[in-house]
Amino acid sequence: SKAEMRHTCRGTINLATANITVEDSCNFIISNGGAQTYHLKASSEVERQRWVTALELAKAKAVKMLEESDDSGDESVSQTDKTELQSTLRTLSSKVEDLSTCNDLIAKHGTALQRSLSELETLRLPAESTEKIKQVNERATLFRITSNAMINACRDFLMLAQTHSKKWQKSLQHERDQRIRLEETLEQLAKQHNHLERAFRGATVLPAGASGTGGSAKDPCCPAKGDLSDEDDDNEFFDAPEIIAMPENMGHKADCPLSFPPTRRTGSNISGTSSDISLDEQYKHQVEDTKKEKRTHIPYKPNYSLNLWSIMKNCIGKELSKIPMPVNFNEPLSMLQRLTEDLEYHELLDRAAKCESSLEQLCYVAAFTVSSYSTTVFRTSKPFNPLLGETFELDRLEENGYRSLCEQVSHHPPAAAHHADSKHGWTLRQEIKITSKFRGKYLSIMPLGTIHCVFHSSGNHYTWKKVTTTVHNIIVGKLWIDQSGEIEIVNHKTGDKCNLKFVPYSYFSRDVARKVTGEVTDPTGKVHFVLLGTWDEKMDCYKVTLGAGDNGAEGRQRAHEAEESRVLLWKRNPLPKYAENMYYFSELALTLNAPESGTAPTDSRQRPDQRLMENGRWDEANAEKQRLEEKQRISRKRREAEAAK
């Protein structure tokens with residue numbers, strides 16, 4: 001097919017000018033008369049003759065097409081385009097005819113004017129008047145010449161328009177055909193890939209340790225599932241209609257102990273739920289219980305397949321936050337709750353607050369920075385975009401010594417403000433804007449904004465930014481996530497720095513997947529600690545001790561070899577049991593959307609579409625999500641109109 005030409009073709013020869021010659025019973029040669037010559041061998045004389053005949057016919061067709069392209073033929077143009085083109089040309093022709101008529105009138109009246117002027121010259125007039133008449137006569141002649149030139153230029157323009165418009169029309173039609181062909185090829189490829197995956201799963205049983213996500217086999221904490229799990233089914237492609245319809249009775253598995261019905265929200269600017277959502281006695285009882293004991297389960301993710309390509313093919317090059325997406329691609333948490341998940345390993349900051357050395361403290365801050373990505377390794381679903389003014393409050397003062405508050409402060413571009421403080425002596429704040437681009441094969445998520453961490457006792461103030469997150473295999477294959485880029489953590493009080501490098505995954509690299517390396521340096525640039533690990537597993541720290549005559553590189557190498565100096569800074573917590581059925585949520589993530597009393601009416605826990613999705617009622621969640629987004633659009637237009645006034 002034409003789609004294969006770019007990546008499987010060894011070369012090209014224009015058939016219109018190709019020479020096809022038969023060498024013997026099975027061999028024949030195709031040449032362009034120059035440097036390119038291909039010797040081809042068929043399995044038999046009959047097959048060779050079939051190929052030669054087919055090529056000769058194709059050559060004749062190519063020669064004919066070449067001749068027709070120089071003519072006025074426009075076979076590839078649709079009937080509608082032909083009519084439109086002919087109408088435009090007729091309009092141009094009529095306008096040129098009007099100009100030609102005007103030219104004739106100008107010439108006629110110009111001749112009459114010159115005759116009148118000549119007659120005036122013959123009269124006995126003062127010398128001064130004769131001079132004036134000559135000037136007028138010359139100007140009239142120049143005017144007629146100019147008008148003739150204008151008419152000729154218009155005629156030339158019409159000729160050019162008639163010649164080139166057909167070529168432009170053919171080029172445009174060719175581009176349209178190419179786009180349609182590309183869409184069809186991609187969709188066909190996706191279907192073939194799906195059939196192969198299902199055939200493979202039907203014919204093969206993988207060992208217990210295997211996993212579809214690269215590198216996850218080394219995770220002892222995650223339940224092994226291989227390619228036989230339901231998670232793969234979410235990435236399958238079916239010839240589904242564009243409109244998403246859900247089974248009415250779709251629910252969650254019976255062995256899940258907790259199922260929270262959604263709340264009725266009142267008094268909130270972003271509230272207002274469907275009429276069938278009520279706050280009953282059972283719900284009140286569950287709200288009271290959540291304060292005492294944190295939940296460890298949520299309703300299992302329904303196994304529902306969706307035609308991903310039918311939605312994503314129109315999103316290439318756009319920003320993801322501006323694309324209306326069904327909840328099928330979401331997880332039942334908002335972006336504000338995902339930001340709060342950065343505090344899962346808050347004990348790293350607690351330990352850092354106790355460090356007397358600012359360099360050691362910087363090591364723990366670096367480990368905390370890396371730990372915020374550990375939850376993303378399996379989390380391929382998209383969090384809900386928060387509504388403007390939406391908040392999320394997490395109070396863990398009694399259990400963990402910290403409290404956190406997030407608010408969505410801008411809708412386009414999406415921006416959130418996050419503040420957390422701890423009784424263990426640190427404050428964390430960040431303002432994050434999320435920009436994302438869908439590039440066809442992958443999705444890039446670029447968080448913009450700075451994160452600040454201040455330790456109260458020492459006054460050390462650290463800042464850093466986040467790296468780029470990339471979601472691969474959007475169209476074909478199993479989704480997987482990679483983090484890439486560099487982070488510079490700066491202590492603004494002492495001048496100490498830590499440079500972390502997130503190594504992007506490479507198929508040809510022998511390095512450990514998801515590798516992170518780093519160096520902690522003082523204001524003079526001297527390296528004191530080397531950091532090594534992976535963003536999904538753990539981070540180690542090695543103290544650099546330079547001997548006499550050692551340079552920095554040798555010292556860093558020795559630090560790697562000195563196992564006794566290794567300190568384990570951070571290790572990922574094990575995932576809860578059956579996490580693969582609960583969106584791969586961590587223990588903290590499972591508690592974030594649990595209803596709590598005393599929260600603000602704008603809290604993410606009160607979002608009806610998010611609650612419906614968590615309870616497995618995806619069709620209702622999609623309808624509610626559209627209602628909320630439409631309400632937000634109307635509110636935004638009203639604000640813009642008021643601002644304009």
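Good morning. I begin with a hairpin: strand 14 and strand 15 are joined with five residues between them, and in this hairpin Gly495 takes a positive phi near 90°. Please keep in mind that the model before you is predicted.

Let us look at the two strands of that hairpin. Strand 14 covers residues 480-491 and strand 15 covers residues 497-502. Their pairing is antiparallel, over six bridges. To find one place along this pairing, look for Ile487, which stands opposite Leu500 in strand 15.

Strand 14 has further partners. Which strand pairs with strand 14 over five bridges in the antiparallel sense? That is strand 13, residues 468-472. Here His472 stands opposite Trp480 in strand 14. Strand 12, residues 461-464, also pairs with strand 14 in the antiparallel sense, over two bridges. In this case Thr463 has Val490 of strand 14 as its bridge partner.

A general remark may help when you view these strands. In a regular strand, side chains alternate between the two faces of the sheet.

I now turn to the nonpolar cores. The largest of them has 71 residues. Which of its residues touch the most other members? They are Leu428, Phe455, Trp464, Ile489, Leu500, Phe502 and Leu531. As for the source of these residues, helix 9, residues 358-371, gives the largest share of this core, with nine residues. Another core lies apart from this one; it has seven residues, including Ile13, Phe28, Val52 and Leu55.

Let us return to Leu500, the residue that stands opposite Ile487. What does Leu500 contact, once its neighbours within four places in sequence are left aside? Its contacts include Ala366, Thr369 and Val370. Gly485, Glu486, Ile487 and Ile489 are also among them. The list further holds Val516, Thr517, Gly518 and Leu531.

Finally, I come to another sheet. This is an open sheet of three strands, in the order 1-2-3, with antiparallel pairing. Which strands form its edges? They are strand 1, at 19-22, and strand 3, at 37-41, each of which pairs on one side only. On average, neighbouring strands of this sheet are turned by 20° against each other, with direction ignored. Strand 2, residues 27-31, pairs with strand 3 in the antiparallel sense over five bridges. Within that pairing, Ile30 stands opposite Tyr38 in strand 3.

To close, I would ask you to find Leu500 once more: this residue of strand 15 stands opposite Ile487, and Leu500 is also one of the residues that touch the most other members of the largest nonpolar core. Thank you for your attention.

Technical notes. Residues numbered from 1 in each chain as written. Predicted model: local features only at pLDDT ≥ 70, side-chain atom pairs only at ≥ 80, totals over all residues. Heavy atoms only, no water. Pairing = 2+ DSSP bridges. Helix = DSSP H or I, 4+ residues; strand = E, 2+ residues; numbered from the N terminus. Core = buried A, V, L, I, M, F, W, Y, C linked by side-chain atoms within 4.5 Å. Buried < 20%, exposed > 50% of the residue type's maximum accessible area, 1.4 Å probe, protein only. Contact = heavy atoms within 4.5 Å. Axes fitted to C-alpha atoms, helices over the stretch in contact; angles between N-to-C directions.
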